[in-house]
Amino acid sequence: MNLELSEEQDAVRRLAEDFVAREIAPHVVEWDRAESVDKSIVKKLGALGFLGLTIPEEYGGSGGDHLAYCLVTEELGRGDSSVRGIVSVSLGLVAKTIASWGSDEQKQRWLPQLTAGEAIGCFGLTEPGTGSDAGNLTTRAVRDGDDYVINGSKMFITNGTWADVVLLFARTNDTPGHRGISAFLVPADAPGLSRRTVHGKLGLRGQATAELVLEDVRVPASTLMGPEGKGFSIAMSALAKGRMSVAAGCVGIAQAALDAAVRYAGEREQFGKSIASYQLVQELISDISVDVDAARMLTWRVADLIDRGQDFATAASTAKLFASEAAVRAANNALQVFGGYGYIDEYPVGKLVRDARVMTLYEGTSQIQKLIIGRALTGVSAF
Ligand SMILES: Cc1cc2nc3c(=O)[nH]c(=O)nc-3n(C[C@H](O)[C@H](O)[C@H](O)COP(=O)(O)OP(=O)(O)OC[C@H]3O[C@@H](n4cnc5c(N)ncnc54)[C@H](O)[C@@H]3O)c2cc1C
């Protein structure tokens with residue numbers, strides 16, 4: 001694996017860095033306090049090609065490899081995890097999954113809009129009663145002539161209130177566990193589909209997180225994506241790649257924590273000297289730096305494996321597990337460097353702590369990542 005970025009990769013990274021400085025950084029505190037990112041950011045992300053990375057150009061994608069995707073995701077995560085999440089879900093979990101599993105008609109219908117930022121996708125797997133145990137979800141899709149009729153509810157759906165299309169997982173037969181699950185591309189304006197914003201989140205406050213309720217939602221059979229009964233495999237393949245993007249976002253959080261801690265330590269004086277001169281403060285900063293480097297390398301390894309067509313699922317769980325825990329540690333260490341000023345939202349590190357915290361929970365908790373890694377190493381499944 002070559003750790004030197006190509007000219008194209010470096011150019012896309014700098015484009016993302018510049019975008020964050022111009023379009024995100026000036027609004028971060030305001031969006032966090034208002035509990036809403038300005039939705040116009042989606043079209044801006046689309047215009048720069050950030051919502052089409054790795055998608056074939058014939059469907060409106062901007063090509064690029066998975067390392068370029070990681071670099072953009074890291075920069076967006078450094079700027080605002082609420083914006084990074086829009087890309088990780090609409091592109092990472094929805095568009096990329098349509099590109100892999102969708103029919104030609106489904107690709108033509110959704111990919112050009114999603115990659116341009118003209119439409120937004122959300123990923124509907126989690127339910128109020130099934131989170132880690134997603135294979136036991138209870139939302140049902142019953143075949144009725146040329147249609148399916150769907151009933152159930154979904155919880156904690158990122159982009160949920162903004163989305164135009166829901167990649168929805170529902171049970172199509174009574175086989176217990178994951179074998180009876182199928183994937184659907186449900187238009188979000190389908191009659192019977194209602195959405196409620198989840199308020200009061202600890203972090204990612206600017207992100208549109210929703211509960212979805214489906215009451216007799218009738219969709220044509222052409223919305224089924226992939227074969228009936230294959231939905232769980234589709235969801236797991238989406239999440240395996242998604243974990244790389246969460247890990248890259250975590251590297252961004254940890255890098256932001258490092259930048260802020262170094263800057264503040266150089267400015268703040270106590271006992272007549274810069275706090276950067278105290279070894280215990282340097283320890284906090286060097287711990288953050290080690291976490292940044294290690295998390296980034298594990299994340300880039302996943303991108304390299306995907307781009308070379310190798311198995312990557314265990315490496316993705318490893319990267320997601322380490323990077324998410326590292327982001328929490330890094331943000332917390334940075335807050336310590338800021339002292340009491342870290343505790344108020346005029347300074348950036350409190351938000352980093354709040355935004356980092358969810359990373360060990362979604363797209364598989366840290367415990368679930370350990371079970372996936374353990375299963376790969378021992379050949380014995382705990383599920
Ligand atoms: C802000 C936010 C955004 C989200 N976005 C989405 C989204 O876009 N789409 C979507 O489908 N979902 C989304 N989720 C849901 C997320 O993926 C789930 O919250 C997550 O999978 C955990 O499920 P749960 O919350 O039901 O916790 P539970 O599964 O109830 O877990 C509770 C605790 O038990 C532990 N646990 C569970 N099973 C085991 C086991 N077998 N062994 C050891 N420990 C175990 C867990 O690790 C955890 O510590 C989001 C969640 C949040 C908070």
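User: Which element gives the largest share of the shell around the ligand?

Analyst: E3 does, with three residues. Strands (E, at least two residues) and helices (H or I, at least four) are DSSP runs, numbered from the N terminus. Here strand E3 spans 147–158 and helix H11 spans 366–378; each supplies at least two shell residues. The model is predicted: local features need pLDDT of at least 70, side-chain atom pairs need 80 or more, and totals for chains, interfaces and linings use all residues. Residues are numbered from 1 along each chain as its sequence is written, and side-chain values use heavy atoms, without hydrogens and water.

User: How many residues surround the ligand, and which are closest?

Analyst: A residue is near if one of its heavy atoms lies within 4 Å. In this structure 15 residues surround the ligand. The closest are Phe 123, Thr 126, Ser 132, Phe 156 and Thr 365.

User: Which polar atoms of Phe 123, Leu 125 and Gln 367 face the ligand?

Analyst: Look for N or O pairs within 3.5 Å. For Phe 123, a backbone N or O atom lies 2.8 Å from a ligand nitrogen. Leu 125 also uses a backbone N or O atom, 3.0 Å from a ligand oxygen. Gln 367 places a polar side-chain atom 2.8 Å from a ligand oxygen. The protein covers 65% of the 970 Å² of accessible area (Shrake-Rupley, 1.4 Å probe) that the ligand has on its own.

User: In which sense do E2 and E3 pair?

Analyst: Pairing needs at least two DSSP bridges. E2 (residues 140–144) and E3 are antiparallel, over five bridges. Arg 140 stands opposite Asn 151 of E3. Their hairpin has two residues between the strands, and Gly 145 takes a positive phi near 65 degrees.

Terms used:
A polar contact is a pair of N or O atoms within 3.5 Å; within protein, one must be able to donate a hydrogen and the other to accept it, and residues adjacent in sequence count only if both atoms are side-chain atoms.
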